[in-house]
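Hi,

Here is the structure I promised to pass on. Have a look at it first, and my notes on what turned up are underneath.

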Amino acid sequence: MSVEYDPRPSAVREARAEVRKQLEGWGLAERDDLVDTAELLVSELATNALLHSASRFTLTLSAAHGVLRCEVADSGRRTPQVLDAGVSESGRGMFLVAALALRWGCHQDGTGKTVWFELGTCGADGCGGGLPGDP
C-alpha cells in the first residue's frame with residue numbers, strides 16, 4: 001500500500017491516520033503498542049520529509065512474515081542522522097526510530113531517498129497468522 005502526500009503540515013496527521021487504518025485492515029489494531037509505535041515513527045519520518053525536502057512524499061506500508069515495514073520516500077538527498085536525545089528542541093526523530101524499530105535504514109533513489117523502519121508484528125504469543133503474505 002502506498003499513498004502520496006503534498007508538502008503541507010496536515011500531511012503528517014494524514015499519514016498517521018493512514019497507518020492506523022491500514023493496520024486495522026490487516027487485523028493488527030489489537031496490538032496497541034504496534035499501532036502507536038508505527039504512528040509515532042511514521043510521524044517522525046514524514047516530518048523529516050517535510051522539513052528537509054519540502055517536497056511531496058510517499059508512505060509505503062507492507063506486512064509479511066511477522067514484520068511491518070514502513071517507508072517514506074521524498075526528493076531530498078540528505079541522509080538522516082541519529083542525534084543524541086539530549087535537551088535539543090529538535091533532531092530526536094531518528095533517535096526514536098533507532099531506539100524503537102527492529103531495523104531501519106536509508107537508501108538513495110535516483111533523485112531522492114527512502115527512509116524505512118521495521119517493527120515486529122508478533123506479540124509474546126507469536127504470530128497467529130492472517131497477515132498478508134504469511135504462510
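In helix α2, the residues T37, L40, L41, E44, L45 and N48 meet G93, M94, L96, V97 and L100 of helix α3; contact here means heavy atoms within 4.5 Å. Sorted by class, this contact has seven nonpolar residues, three polar and one charged. (Ala, Val, Leu, Ile, Met, Phe, Trp, Tyr, Cys and Pro count as nonpolar, Asp, Glu, Lys and Arg as charged, and the others, Gly among them, as polar.) The two helices, with α3 covering residues 93-100, pack at an angle of about 145 degrees, and their axes are 9 Å apart. Axes are lines fitted to C-alpha atoms, for helices over the stretch in contact, and angles run from 0 to 180 degrees between N-to-C directions. The α2 and α3 crossing is left-handed, that is, the near helix is turned anticlockwise from the far one by less than a right angle, while clockwise would make a crossing right-handed.

Before going on, a word on where this comes from: it is a predicted model, in which local features need pLDDT of at least 70 and side-chain atom pairs count only at pLDDT 80 or more, whereas totals for chains, interfaces and linings use all residues. Residues are numbered from 1 along each chain as its sequence is written, and side-chain values use heavy atoms, with hydrogens and water left out.

One residue to pick out from that helix pair is E44, which lies in α2. E44 and G93 are 49 residues apart in sequence, yet 5.2 Å apart in space, C-alpha to C-alpha. Not counting residues up to four places away in sequence, E44 touches G93 and L96.

As for the whole chain, it has three helices and five strands, where helices (H or I, at least four residues) and strands (E, at least two) are DSSP runs numbered from the N terminus. Their order from the N terminus on is β-α-α-β-β-α-β-β. Of its 135 residues, 40% count as buried (buried means under 20% relative accessible area, exposed over 50%, partly exposed in between, with a 1.4 Å probe and protein chains only). Among contacts with a separation of 6 or more, 60% come from residues 24 or more positions apart.

α2 has another partner too. The axes of α1 (residues 10-25) and α2 (residues 32-53) come within 9 Å and cross at roughly 150 degrees, so the two helices are roughly antiparallel (the bins are under 35 degrees for roughly parallel, over 145 for roughly antiparallel, 65 to 115 for roughly perpendicular, and oblique for the rest). This crossing of α1 and α2 is right-handed. V12, A15, R16, V19, R20 and L23 of α1 make the contact with V35, D36, A38, E39, V42, S43, A46, T47 and L50 of α2. By class, that contact has nine nonpolar, two polar and four charged residues.

Also in α2 is L34, which counts as buried because its relative accessible area is 3%. L34 is 34 residues from L68 in sequence and 9.1 Å from it in space, C-alpha to C-alpha. Leaving aside neighbours within four places in sequence, L34 is in contact with L28, L68, L119, G120 and T121.

Next, two residues of strand β3 (residues 67-74). D74 lies in this strand and is buried, at 10% relative accessibility. What does the side chain of D74 make a polar contact with? The side chain of K113, at 2.8 Å. (A polar contact is a pair of N or O atoms within 3.5 Å; within protein, one must be able to donate a hydrogen and the other to accept it, and residues adjacent in sequence count only if both atoms are side-chain atoms.) A polar atom of the D74 side chain also lies 2.7 Å from the backbone nitrogen of G76. R69 is in β3 as well, and a 2.8 Å polar contact joins its side chain to that of E71.

Last, the loops. Most residues other than glycine have a negative phi. A54, not a glycine, has a positive phi of about 50 degrees, and H65, not a glycine either, has one of about 55 degrees. A54 sits in the loop between α2 and β2, and H65 in the loop between β2 and β3. A54 is exposed at 59% relative accessibility, and H65 is exposed at 56%.

Cheers
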